[in-house]
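Got your viewer open? Load the model, and let's walk through it one selection at a time.

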Amino acid sequence: RRRTALHQAGEGLVRMTKESPLVTPIEVATAPEPIGLRPARLRLLRAILLSAVIVIIGLMTIGAEYGARYYERHRDTAPDYFPSIFYPHRRLRYGLVPGLDYYGWFRINSLGFRGREFSTGKAPGAVRIVCLGASTTFDTGSIGANPPWPEVMETELRRHVNDDNIEVLNLGIPGATSLDSLIDLQMRALAFQPDLLVVYQAHNDFIYSIPSPAGTAPSDLFPLEDRPRGRVERWLTLHSLLYAKTEGRVTDSINRLIDLLPLPAEHKGPVQDRTRAIDEGVATFRANLKAIAAIAGLNGVPLALPGVIVPFPSTVPTGKHCQLCEGLSGAYGNVPLDQVRATFDRYNKVLEELGTQPAVHYIATNEFVPSLDAYYHDPVHFSPAGSVRMGERLAAAVLPIVQELTRGKSVIQSE
């Protein structure tokens, strides 16, 4: 009985232990599950971060733009690169933005020409001289307080003739060729009722006639087709100095870096015969100048053709070194210096031949501006001192023509 009672007691104890264990299992604490952002809050955070980045970039761009404008207006050396003054013209290569003050360095008047305002019609008794040309007439090397040679010419003529009714208008457009001057003569210059026409051209005719020595890459443009400019590019060019100043240079830098990469060689077109291309450029120049002379003659306007001035190194030792003269070949497509000299001799020969026609005056300019660094901004353009020399000597050369014109005006007024 005792064994039975003990056995029953043991079974009861086992049941009690199973139902109410004396030792409970230890619960291990675990990290709470991460709570994710709600989708709406996540989108808002992303929008705020993106907006902040855009605002920062915008402020940096505005700061850079104002910095570029401030520097351009207050720089110590005169600028010689100002692409924001141009717009693609419907008939000319370029037009100048009317009414533009280029940061105090020079002004484009409301008619789209450098200098003071003037009317289309001229005052009674006035003698008006119209100068057509490119950057060497616009005179990019003489800005700020330094007048371009057409203004110097006007001052000198007024002093010699003692008459403030002499006007010299500067219709030079940087980048223009003789073809542009021919078009501009018919389209705008004749409307200003010129009494004398001065055409100073040839530099760009020569430069544009020189083909690349490596040939040109194939293009989807038609012959003589100009690549169109988009609205955004146009607005940025006209209103952002930072863009206008850097766009071309950044593109050139990228292209130079691409050329350094070991990429497959780009197929280029056949290399043009440079001598033949230069010959064609001279022939085109002759045809354009003949047309200018014919139109001037039909309208009864005398034509003055100054010879092209180029700072060639002196063949006679002078003891004075001209560093800019050494860059002539590079300025003209790396054509050998002897060929550059011979080509400009041909251009001047064209002008000299035209000077034999009635009412066409060829003006030899051999002694106008010496080949010295002091007179040149670069191998093509005059410095302020060179502009003064050019204006003074050209005024002296056309003085007999102007005196005859003023006498004729006086006779007409007296009658």
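Begin by selecting R276 and E280. These two sit four residues apart in helix α9 (residues 274-298), so about one helical turn separates them. (Helices here are DSSP runs of H or I with at least four residues, strands are DSSP runs of E with at least two, and both are numbered from the N terminus.) Now show the side chains: R276 and E280 form a salt bridge, with their closest N and O atoms 3.6 Å apart. A salt bridge means a side-chain nitrogen of Lys or Arg within 4 Å of a carboxyl oxygen of Asp or Glu. R276 is exposed, because its relative accessible area is 58%, while E280, at 43%, is partly exposed. Those words have cut-offs: buried is under 20% relative accessible area, exposed is over 50%, and partly exposed is in between (1.4 Å probe, protein chains only).

Before the next stop, a word about what you're looking at. This is a predicted model, where local features need a pLDDT of at least 70 and side-chain atom pairs count only at pLDDT 80 or more, while totals for chains, interfaces and linings use all residues. Residues are numbered from 1 along each chain as its sequence is written, and side-chain values use heavy atoms, with hydrogens and water left out.

**Colour by confidence**

Try colouring by pLDDT, the predictor's confidence in each residue, from 0 to 100. The chain averages 86, and 81% of the residues score at least 70. Which element has the lowest mean pLDDT, and which the highest? Helix α1 (residues 2-19) is at the bottom with 58, and strand β7 (residues 196-200) is at the top with 98. Where pLDDT is low, the predicted coordinates should not be read in detail.

**Strand β7 and its neighbours**

Select β7 next. Five of its five residues are buried. Look at both of its faces: L196, V198 and Y200 are buried on one side, and L197 and V199 are buried on the other.

Now add strand β5 (residues 127-133), which runs parallel to β7 and is joined to it by five bridges. Strands count as paired if DSSP finds at least two bridges between them. To find one of these contacts, click V130: its bridge partner in β7 is L197. Then bring in strand β8 (residues 303-306), which pairs with β7 in the parallel sense over two bridges. L197 turns up again here, standing opposite L303 in β8.

**More salt bridges**

The structure holds 13 salt bridges. For another one, go to helix α4 (residues 149-161) and pick E154 and R158, which are four residues apart and therefore separated by about one helical turn. Their side chains meet in a salt bridge at 3.7 Å, N to O. Is E154 buried or exposed? It counts as buried, because its relative accessibility is 7%. R158, with 24%, is partly exposed.

Next, select E72, R75 and K245 together: a network of salt bridges links them. Zoom in on E72 and R75, where the closest N and O atoms are 3.2 Å apart. E72 is buried, with a relative accessible area of 2%, and R75 is buried too, at 17%.

**A patch on the surface**

Switch on the surface and select L42, L45 and L49. They form a nonpolar patch with about 250 Å² of accessible area together. (Patch residues have over 30% relative accessible area and no salt bridge; like charges are joined within 9 Å, and nonpolar side chains, meaning Val, Leu, Ile, Met, Phe, Trp and Tyr, within 5 Å. Areas come from the Shrake-Rupley method with a 1.4 Å probe, and for residues only the protein chains shown count as cover.) L49 belongs to helix α2 (residues 39-74) and is exposed, because its relative accessibility is 53%.

**The disulfide**

How many disulfides does the structure hold? Just one, and a disulfide here is a pair of cysteine sulfur atoms within 2.5 Å. Select C322 and C325 to see it: their sulfur atoms are 2.0 Å apart. The torsion about the S-S bond is about 80°, so this disulfide is right-handed. C322 and C325 are both buried.

**Last stop**

Finish with F206, which lies in helix α6 (residues 203-209). F206 is buried, with a relative accessible area of 0%. Now add Y332: F206 and Y332 are 126 residues apart in sequence, yet 7.7 Å apart in space, C-alpha to C-alpha.
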